[in-house]
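Biologist: Could we go through this model together? I should like to begin with the interior and then move on to the surface and the charged pairs.

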Amino acid sequence: MSFIDSSISHLGKVIKSGYIQWELSSKDGFFHGLDARVKMLFLIFFIIIISLKKEILSELIIVLFIFGLTAISRLNLFNFYKKVIPLGFIFGFLIALPSSFNVITKGEIILPVIHFSKSYDFWIYHIPETIGITRQGISGVFMLTLRVFNSIALSFLILYTTPFSEIIRALKVFKVPDAVLMIITLTYKYIFIFAKTVEDVYLAKKSRTAVKIDNNDARNWTAGRIVFMLKKTQQRCDDVFKAMLSRGFSDTIKLYGFRKMDSRDWTAGLFLFFAGVMFLWI
């Protein structure tokens with residue numbers, strides 16, 4: 001059941017990363033002490049800036065800026081970029097890589113890959129005699145990769161420096177619908193309950209197993225547990241909803257006790273705002 005062990009190990013990492021997020025958000029770094037509303041405005045503002053920039057150099061400067069913010073926020077840079085780089089590579093570089101070929105993006109071929117004896121035409125598609133990576137195409141791929149990388153790094157920076165409850169409070173201030181906030185909150189909490197339940201089910205099975213189980217039996221057991229978890233999840237959803245109704249749930253989220261923004265929040269907010277305006281002009 002080695003593949004099950006591996007899956008359980010990943011679920012354990014999900015639980016651990018959730019607790020680490022809370023632990024990291026309690027440190028006294030530059031971003032940790034800022035009001036969540038300032039951080040959410042910063043995130044939205046810079047995501048727009050990153051989307052608007054059309055020069056690779058500008059994106060690289062933003063990469064350095066985010067790196068500096070991460071460093072002065074006292075986050076573990078190795079662990080931080082160990083999560084950001086793979087996601088940026090997969091959702092930025094790999095997904096956009098096909099667009100670098102001259103079949104999709106016309107331009108000067110800098111790296112020929114396949115050469116045919118002649119060109120071909122299929123319906124509305126034209127296959128050139130030489131297929132390769134173009135200068136314009138690879139430039140677009142790098143641009144998209146940097147945009148994805150910067151967006152992920154910004155999101156992780158906010159997540160690692162802000163408790164989850166403060167993020168929800170900030171979203172409420174910005175008029176995000178209560179239904180969306182409720183879905184995010186319940187989903188976030190249920191991920192940990194789900195992961196812990198799966199781990200307990202597996203450990204219970206493992207403690208009752210004295211001999212090695214072959215792969216067929218392991219797959220059958222896994223399929224059975226998936227059905228079990230589906231039914232258990234539906235039952236828990238019904239129970240939670242009934243409990244919410246019994247306690248007076250009325251489809252609205254009420255938040256109390258917002259702290260007053262101090263001089264540090266205003267100073268940091270103005271600094272980030274002018275930094276963003278500067279990036280718009282680069």
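Biologist: Which residues of the largest nonpolar core touch the most other members?

Modeller: This is a predicted model. In its largest nonpolar core, which has 37 residues, Phe42, Phe46, Phe65, Phe80 and Val84 touch the most other members.

Biologist: And which helices each supply at least two residues of this core?

Modeller: Helix 2 (36-52), helix 3 (56-72), helix 4 (77-96), helix 5 (135-161), helix 6 (164-173), helix 7 (178-207) and helix 9 (263-281) each do so. Helix 5 provides the largest share, 10 residues.

Biologist: Where does this core lie with respect to domain 1 and domain 2?

Modeller: The core lies between them, because residues come from both domain 1 (1-25 + 162-250) and domain 2 (30-161 + 258-281).

Biologist: Take valine 84. What is it in contact with, leaving aside its neighbours within four places in sequence?

Modeller: With those neighbours set aside, valine 84 is in contact with Phe149, Ile152, Ala153 and Phe156. There is also a second, separate core of 5 residues, among them Phe93, Ala96, Ile133 and Ile138. As background, nonpolar side chains tend to be buried together in soluble globular proteins.

Biologist: Let us step back to the overall fold. How many helices and strands does the protein have?

Modeller: There are 9 helices and 4 strands. Along the sequence the pattern reads α-α-α-α-β-β-β-β-α-α-α-α-α.

Biologist: What share of the residues counts as buried?

Modeller: Of the 282 residues, 34% count as buried. The accessible surface comes to about 17,600 Å², and 68% of that belongs to carbon and sulfur atoms. As for contacts with a separation of 6 or more, 79% are accounted for by residues 24 or more positions apart.

Biologist: On to the outside, then. Which residues form a nonpolar patch on the surface?

Modeller: The patch is formed by Ile44, Ile48, Leu52, Leu280 and Trp281, which together have about 570 Å² of accessible area. Helix 2 and helix 9 each supply at least two of its residues, and helix 2 gives the most, with 3.

Biologist: Is leucine 52 buried or exposed?

Modeller: Leucine 52, which is found in helix 2, has a relative accessible area of 52%; this is over the 50% cut-off, so leucine 52 is exposed.

Biologist: What about serine 58, buried or exposed?

Modeller: Serine 58 lies in helix 3 and is buried, with a relative accessible area of 4%. Apart from neighbours within four places in sequence, serine 58 is in contact with Lys53 and Ile282.

Biologist: Now the charged pairs. How many salt bridges are there?

Modeller: The count comes to 5 salt bridges. One of them joins glutamate 59 and arginine 147, with the closest N and O atoms 4.0 Å apart. This pair links distant parts of the chain, since glutamate 59 is in helix 3 and arginine 147 in helix 5, 88 residues apart.

Biologist: Are glutamate 59 and arginine 147 buried or exposed?

Modeller: Glutamate 59 counts as buried, at 0% relative accessibility. Arginine 147 is partly exposed, with a relative accessible area of 23%.

Biologist: Which residue does glutamate 108 meet in a salt bridge?

Modeller: Its partner is arginine 135, at 3.1 Å from N to O. Glutamate 108 lies in the loop between helix 4 and strand 1 (109-115) and arginine 135 in helix 5, so this salt bridge ties together parts that are 27 residues apart in sequence.

Biologist: And lysine 172, which residue does its side chain meet?

Modeller: The side chain of lysine 172 meets that of aspartate 178 in a salt bridge of 2.6 Å, N to O. Lysine 172 is partly exposed, with a relative accessible area of 23%, whereas aspartate 178 is buried, with 16%.

Biologist: One last topic, the backbone. What is phi of arginine 74?

Modeller: Phi of arginine 74 is near 60°, a positive value in a residue other than glycine. For context, most residues other than glycine have a negative phi. Arginine 74 sits in the loop between helix 3 and helix 4 and is exposed, with a relative accessible area of 56%.

Biologist: Where is lysine 175 found?

Modeller: Lysine 175 is in the loop between helix 6 and helix 7. Although lysine 175 is not a glycine, it has a positive phi of about 65°. At 72% relative accessibility, lysine 175 counts as exposed.

Note on methods
Residues are numbered from 1 along each chain as its sequence is written. This is a predicted model: local features need pLDDT of at least 70, side-chain atom pairs count only at pLDDT 80 or more; totals for chains, interfaces and linings use all residues. Side-chain values use heavy atoms; hydrogens and water are left out. A nonpolar core is a set of buried Ala, Val, Leu, Ile, Met, Phe, Trp, Tyr and Cys residues joined through side-chain atoms within 4.5 Å. Buried means under 20% relative accessible area, exposed over 50%, partly exposed in between (1.4 Å probe, protein chains only). Domain bounds come from an automatic or database domain assignment. Contact means heavy atoms within 4.5 Å. Patches are made of residues with over 30% relative accessible area and no salt bridge: like charges are joined within 9 Å, nonpolar side chains (Val, Leu, Ile, Met, Phe, Trp, Tyr) within 5 Å. Accessible areas come from the Shrake-Rupley method with a 1.4 Å probe; for residues, only the protein chains shown count as cover.
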